[in-house]
Amino acid sequence: MTKTFVRKAFLETAARYRTLFSIKELEDSSTLQLLFGAMLLYFLLTFGLWIHTSYVSANNPAVACWPYFQNCNALAFFSSLPFSYSQNIFYMTLLGVMLACATCMWRKRWIAAHACLLVLLIWKVFAGFVLNYDILGMYDYYHIILTATLLFFPFKEYFAKTAFVLLYFLSATIKFYPAWIIGTYFTSLTTGLPLIPNVLVPVATWIVVASQTIGCWFLLSRHMRTQRLAFFSFEAFHFYSGFMVSYSYPLITIPALTILFGPLYRYQKPPLSRRAIVGWIFLTIMLALQIFTFA
């Protein structure tokens, strides 16, 4: 009797979870499954770096707290080497979660895989937005936002694509200042821009600004030649960016760009049903926060 009750409760919970987070979309879409794997891989890369730092460790006396939570170091619950093994134990536990997630993906158990990825996202958001101001790079926002669209929203593929393009557009706003416009941001460096003479640097920076404000929207085009031109242009841009910023930025953008806008790309009309409201609200919040910061 008890086993029957427990099984029934489990099945009901799983059914509600499946409906709440639109798990069927993950089950039916190769694009979303590949993107799911790419986001999981980036968690491995992120935590593989964090395990060697003391950014959110109790033994770090110089934690950079966010303005809205000045006592963030009071929440630190582990210490890094050589003070304690507790940080390593914590991240090895997360490695177990990542392995469990990969196993569930392989066995097509998408509810369990979704729950595992949710655990990883919760820690990354908590560490980056509560425990330490400095631990997240700009590329981590790509990762967090794309993972959030996979986990929480209906019409996951459409909103993942649109959020990715919107991130390009928003990243261009930080370039609207003289050093970028006239190119001195790079010509003032000893090394300048890789493979580009200083006289052409202003042209290169303007091309980047134009592509991120205007060209990025062609990634969503229904016209395949236009869409492919935009896709290959951004692929080339991200490979080139690796000359300057190493792996961190290209390893979140290139896989996502290839999966969402590469060979598997299909044009999708904007969803206008009631189920899509939460996705549109999320995109609006992204835009509003960046405009507020820019202003």
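Accessible areas in this talk come from the Shrake-Rupley method with a 1.4 Å probe. With that settled, good morning. The structure above is a predicted model, and I shall go from the whole chain to individual residues.

On that definition, the protein chain exposes about 16,400 Å². Carbon and sulfur atoms supply 71% of this area. Turning from the surface to the interior, 45% of the 295 residues count as buried.

Next, the secondary structure. How many helices and how many strands does the protein chain have? There are 13 helices and 0 strands. Read along the sequence, the pattern is therefore one α after another, from start to end. The radius of gyration is 21 Å, close to the 19 Å that the globule rule gives for 295 residues, so the chain is as compact as a globular protein of that length. Along the principal axes, the C-alpha atoms fill a box of roughly 80 × 55 × 35 Å.

Two further properties describe the chain as a whole. Among contacts between residues at least 6 apart in sequence, 70% join residues at least 24 apart. As for charge, the chain carries 20 positive and 8 negative charges, and the mean positions of the two groups are 7 Å apart.

Let us now look inside. The largest nonpolar core has 69 residues. Which residues have the most contacts inside this core? They are Tyr-91 and Trp-123. Leaving aside its neighbours within four places in sequence, Tyr-91 is in contact with Phe-47, Trp-50, Ile-51, Val-56, Phe-78 and with Trp-123 itself. Apart from the core of 69 residues lies another core, of 5 residues. Its members include Phe-186, Leu-193, Val-201 and Ala-204.

I turn to helix α3, which covers residues 30-50. Two of its residues deserve our attention: Thr-31 and Tyr-42. Is Thr-31 buried or exposed? The cut-off for buried is under 20% relative accessible area. Thr-31 has a relative accessibility of 6%, so this residue counts as buried. Not counting residues up to four places away in sequence, Thr-31 touches Glu-157, Ile-259, Leu-260 and Leu-264.

Tyr-42 is also in α3, and with a relative accessible area of 3% this residue is buried. What does Tyr-42 contact, leaving aside its neighbours within four places in sequence? The residues are Lys-124, Tyr-139, Asp-140, His-143, Ser-248, Leu-251 and Ile-252. Please also find Pro-255 in the model. Tyr-42 and Pro-255 are 213 residues apart in sequence, yet their C-alpha atoms are 10.0 Å apart in space.

After α3 comes a loop that leads to α4, and α4 spans residues 86-106. Pro-82 is found in this loop. A cis peptide bond joins Leu-81 and Pro-82, with omega at about 10°. For background, most peptide bonds are trans.

Phe-83 has its place in the loop between α3 and α4 as well. With a relative accessible area of 61%, Phe-83 is exposed. Phe-83 is 26 residues from Ser-57 in sequence, and the C-alpha atoms of the pair are 10.0 Å apart.

A second exposed phenylalanine is Phe-239, with a relative accessible area of 52%. Phe-239 lies in helix α11, which covers residues 224-245. The C-alpha atoms of Phe-239 and Leu-251 are separated by 9.6 Å, with their positions 12 residues apart along the chain. Leu-251 has appeared already, as one of the residues in contact with Tyr-42.

My last topic is the backbone. Most residues other than glycine have a negative phi. Which value does phi take in Lys-108? Phi of Lys-108 is near 65°, a positive value in a residue other than glycine. Lys-108 sits in the loop between α4 and α5, the latter being residues 110-131. At 53% relative accessibility, Lys-108 counts as exposed.

Phe-155 also has a positive phi, near 55°. Its place is the loop between α6, residues 138-152, and α7, residues 156-172. At 26% relative accessibility, Phe-155 counts as partly exposed.

To close, I return to the whole chain: a predicted model with 13 helices and 0 strands, in which the largest nonpolar core has 69 residues. Thank you for your attention.

Methods. Residues are numbered from 1 along each chain as its sequence is written. This is a predicted model: local features need pLDDT of at least 70, side-chain atom pairs count only at pLDDT 80 or more; totals for chains, interfaces and linings use all residues. Side-chain values use heavy atoms; hydrogens and water are left out. Helices (H or I, at least four residues) and strands (E, at least two) are DSSP runs, numbered from the N terminus. The radius of gyration is taken over C-alpha atoms; the globule rule is 2.2 Å times the number of residues to the power 0.38. Buried means under 20% relative accessible area, exposed over 50%, partly exposed in between (1.4 Å probe, protein chains only). Contact means heavy atoms within 4.5 Å. Lys and Arg count as positive and Asp and Glu as negative; His and the chain ends are not counted. The place of a charge is taken as NZ of Lys, CZ of Arg, CG of Asp or CD of Glu. A nonpolar core is a set of buried Ala, Val, Leu, Ile, Met, Phe, Trp, Tyr and Cys residues joined through side-chain atoms within 4.5 Å.
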